[in-house]
Amino acid sequence: ITLGNHFAENQISLVYGGGKNGMMGVLADTILTKKGEVIGVIPKLLEKEEVIHSGVEEMIVCKKMSERKVIMSKLVDGYITLPGGFGTLDELFEALTLSQLHIEQKPVGLLNVNGFFDATLLQLDKMVEEGYLKQANKNMLLVANTVEELMQKMSNYKAPENTHVINKVVR
């Protein structure tokens, strides 16, 4: 609710998966109650009455989950991860990978509500320790325990400079 209030009060639009359940449904409801903008992007296979949020005026229906990510990526200025399941982790790591590869230059935030992501953060530390992840790439993930702290970090975000050149072949 705090994040939804922040979005509405600061005229930040929410772009999300279009569902009415769980944390994201509560977030959408909070923003809608305060007359904020909410855009849903949902794949056709999830466009069911028990899933789709009927209160969202702008609902983009696409064919596949992969298409949904592309659409959402084009609409957002940054990503915030809240507690969730497989889809949440998939989207988090895809956003980080796009940043790591300098395909996107957007902030990727993680709101660590009640330590929900502590084990995930420990895994990232282990990946750095074992040499599978560069510390600089891990540092791209903006982690905070409160909405205020996370929004401050996201506002101050500066994308890392591309330290390597990727040669592109044009055919």
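This report describes two sheets, several helices and a few single residues in a predicted model.

## The sheet of strands 1 to 3

Strands of a sheet pair through backbone hydrogen bonds, and the pairing is either parallel or antiparallel. In one sheet of this model, 3 strands are arranged in the order 1-2-3. The sheet is open, and its pairing is parallel. Strand 1, residues 14-16, and strand 3, residues 58-62, are the edge strands. Each of these two pairs on one side only. From one strand to the next, the twist averages 15°.

Strand 2 covers residues 38-43 and runs parallel to strand 1, to which it is joined by 3 bridges. One position to look for is Tyr16, which stands opposite Gly40 in strand 2.

## Helices on this sheet

Helix 3, residues 65-75, packs on the sheet and touches strand 1, strand 2 and strand 3. The direction of helix 3 makes about 160° with that of strand 2. Helix 2, made of residues 22-33, lies across strand 1 and strand 2. Its direction is at about 150° to strand 1.

Thr30 belongs to helix 2. Is Thr30 buried or exposed? The cut-off for a buried residue is a relative accessible area under 20%. Thr30 has a relative accessible area of 10%, so Thr30 is buried. Setting aside residues up to four places away in sequence, Thr30 touches Ile1, Gly4 and Asn5.

## The sheet of strands 4 to 6

Another open sheet is formed by 3 strands in the order 4-5-6, again with parallel pairing. Its edge strands are strand 4, residues 79-81, and strand 6, and each pairs on one side only. Here the twist averages 25° from one strand to the next.

Strand 4 and strand 5 pair in the parallel sense, over 3 bridges. Within this sheet, Tyr79 stands opposite Val108 in strand 5.

## Helix 5 and its two sides

Helix 5 runs through residues 118-129 and has 12 residues. From its first C-alpha to its last, the helix reaches 16 Å, close to the 16 Å expected at 1.5 Å a residue. Just after helix 5, Gly131 takes a positive phi of about 85°.

Which residues of helix 5 are buried? They are Thr120, Leu121 and Leu124. Seen down the axis of helix 5, these buried residues fall within an arc of 100°, so they line one face of the helix. What covers them includes helix 4 (86-100), helix 6 (135-138) and strand 6 (141-144). On the other side of helix 5, the exposed residues are Ala119, Leu122 and Glu129.

## Asn112, in the loop before helix 5

Asn112 sits in the loop between strand 5, residues 108-111, and helix 5. Why does Asn112 count as buried? A residue is buried when its relative accessible area is under 20%. Asn112 has 4% relative accessibility, and therefore counts as buried.

What does the side chain of Asn112 reach? It comes to 3.1 Å from the backbone nitrogen of Phe116. The side chains of Asn112 and Asp118 are joined by a polar contact of 2.8 Å. Leaving aside neighbours within four places in sequence, Asn112 is in contact with Phe117, Asp118, Leu121, Val143, Ala144 and Asn145. Of these partners, Leu121 is also one of the buried residues of helix 5.

## Two partly exposed residues

A residue is partly exposed when its relative accessible area lies between the 20% limit for buried and the 50% limit for exposed. Lys48, in the loop between strand 2 and strand 3, has 41% relative accessibility and so counts as partly exposed. Lys48 and Gly19 are 29 residues apart in sequence, and their C-alpha atoms are 9.5 Å apart in space.

Thr97 lies in helix 4. Its relative accessible area is 37%, so Thr97 is partly exposed. Thr97 and Glu50 are 47 residues apart in sequence and 32 Å apart in space, C-alpha to C-alpha.

Terms used. Residues are numbered from 1 along each chain as its sequence is written. This is a predicted model: local features need pLDDT of at least 70, side-chain atom pairs count only at pLDDT 80 or more; totals for chains, interfaces and linings use all residues. Side-chain values use heavy atoms; hydrogens and water are left out. Two strands pair if DSSP finds at least two bridges between them. Helices (H or I, at least four residues) and strands (E, at least two) are DSSP runs, numbered from the N terminus. Axes are lines fitted to C-alpha atoms, for helices over the stretch in contact, and angles run from 0 to 180 degrees between N-to-C directions. Contact means heavy atoms within 4.5 Å. The expected span of a helix is 1.5 Å times one less than its number of residues. Buried means under 20% relative accessible area, exposed over 50%, partly exposed in between (1.4 Å probe, protein chains only). The arc is that of the directions from the helix axis to the C-beta atoms. A polar contact is a pair of N or O atoms within 3.5 Å; within protein, one must be able to donate a hydrogen and the other to accept it, and residues adjacent in sequence count only if both atoms are side-chain atoms.
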